[in-house]
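New to this one? Here is a quick briefing to read alongside the structure.

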Amino acid sequence: MNISKGFTLIEILVALLAASIISIMSFDFLSNSVFLKERIDFSIKKDSQHINTINTIRLDLMQAVPFVMKDDNGRVLNTSFIGNDSKEIMTFVSLSTSDHFQSMSKLRRVIYLYEDNQIIRITTLSNNRNVEISRKTLITDINNLKIYFAEELDIKDSYWPNLNFSESKNFPKFIFLTYEIDDRVINQVFSTFR
């Protein structure tokens, strides 16, 4: 009696078909996982940019000092804070804790720009805005940025100093920042309490 051991051709074809189906399902699962990971990483990056931007602005405002600035020609501006809803949205002087220069003042003019759908933070010398110390893009791909300044929560103005400005109020009490990013509207209120 002669019994041969092995697989028939049909058994081999069925096994190959099962392996192919499992491979296709695994590939589809893995490619969806990679796509989902890329979307999550992008979302985390955007959220991180937003949080870092808000925290940077908040820290700068907390360290702001009532230092009367000068314009490019050296004339005194009689204000410590300038804000408007155009390209240069905020300018003020802040105490820099990150500089470790012994020979220079730690006061820095902080300028926030909105250009090319980005918020950019520039620091210069406090009385010479032409000497740029640093420039950093805080957040990208934002749209419809609006900024308002107010002494009261219900009365907003898009410029500071405004008509109600008095020299005893160099800083607005409230700063309202609104922008769109990834089909979300971000509303943020900062308070200077000065």
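Strands E9 and E10 run antiparallel and are joined by eight bridges. Bear in mind as you look around that this is a predicted model. Strand E9 is a handy place to start, since it also pairs with E6, again in the antiparallel sense, over six bridges.

**Around strand E9**

- Follow Phe 174 to see how E9 connects on both sides: Phe 174 is the bridge partner of Ala 150, and its own bridge partner in E10 is Ser 191.
- The hairpin of E9 and E10 has two residues between the strands, and Asp 182 takes a positive phi near 50° there.
- E9 is mostly covered, with six of its eight residues buried.

**The overall layout**

- The protein has one helix and 10 strands.
- Reading from the N terminus, the helix comes at the start and the strands follow, as in α-β-β-β-β-β-β-β-β-β-β.
- Of the protein's 194 residues, 33% count as buried.
- Take the contacts between residues at least 6 apart in sequence: 46% of them join residues at least 24 apart.

**The largest nonpolar core**

- This core is made up of 26 residues, and the ones touching the most other members are Phe 81, Met 90, Phe 92, Tyr 112 and Tyr 179.
- Helix H1 (9-62) supplies at least two residues of the core, and so does each of the strands E2 (88-95), E3 (107-115), E5 (128-139), E6 (143-152), E9 (174-181) and E10 (184-191).
- Which strand gives the most to this core? That would be E9, with four residues.
- For a close look at one member, try Met 90: leaving out residues up to four places away in sequence, it touches Ile 57, Phe 81, Ile 82, Gly 83, Val 110, Ile 111, Tyr 112, Ile 147, Phe 149 and Ile 175.

**Out on the surface**

- The protein exposes about 12,800 Å², and carbon and sulfur atoms supply 58% of that.
- A nonpolar patch on the surface is formed by Phe 7, Leu 9, Ile 12, Leu 13 and Leu 16, which together have about 570 Å² of accessible area.
- Leu 9, one of the patch residues, sits in helix H1.
- Is Leu 9 buried or exposed? Its relative accessible area is 63%, so Leu 9 is exposed.

**Salt bridges**

- Side chains of opposite charge can pair when their charged atoms come close. There are eight salt bridges in this structure.
- Arg 184 pairs with Asp 47 in one of these salt bridges, and their closest N and O atoms are 3.2 Å apart. Because Arg 184 is in strand E10 and Asp 47 is in helix H1, this pair ties together parts that are 137 residues apart in sequence.
- Both partners are partly exposed: Arg 184 has a relative accessible area of 36%, and Asp 47 has 29%.
- Lys 87 forms a salt bridge with Glu 115, where the closest N and O atoms are 3.1 Å apart. Lys 87 lies in the loop between strand E1 (81-84) and E2, while Glu 115 lies in strand E3, so the link is between parts 28 residues apart in sequence.
- Lys 87 is partly exposed at 47% relative accessible area, and Glu 115 is partly exposed at 22%.
- Arg 75 forms a salt bridge with Asp 71, with the closest N and O atoms 3.1 Å apart. Arg 75 counts as exposed, at 52% relative accessibility.

Methods: Residues numbered from 1 in each chain as written. Predicted model: local features only at pLDDT ≥ 70, side-chain atom pairs only at ≥ 80, totals over all residues. Heavy atoms only, no water. Core = buried A, V, L, I, M, F, W, Y, C linked by side-chain atoms within 4.5 Å. Buried < 20%, exposed > 50% of the residue type's maximum accessible area, 1.4 Å probe, protein only. Contact = heavy atoms within 4.5 Å. Patch = residues over 30% accessible without salt bridge, like charges linked within 9 Å, V, L, I, M, F, W, Y side chains within 5 Å. Areas by Shrake-Rupley, 256 points an atom, 1.4 Å probe, with all protein chains shown as cover. Salt bridge = Lys/Arg side-chain N within 4 Å of Asp/Glu carboxyl O. Pairing = 2+ DSSP bridges.
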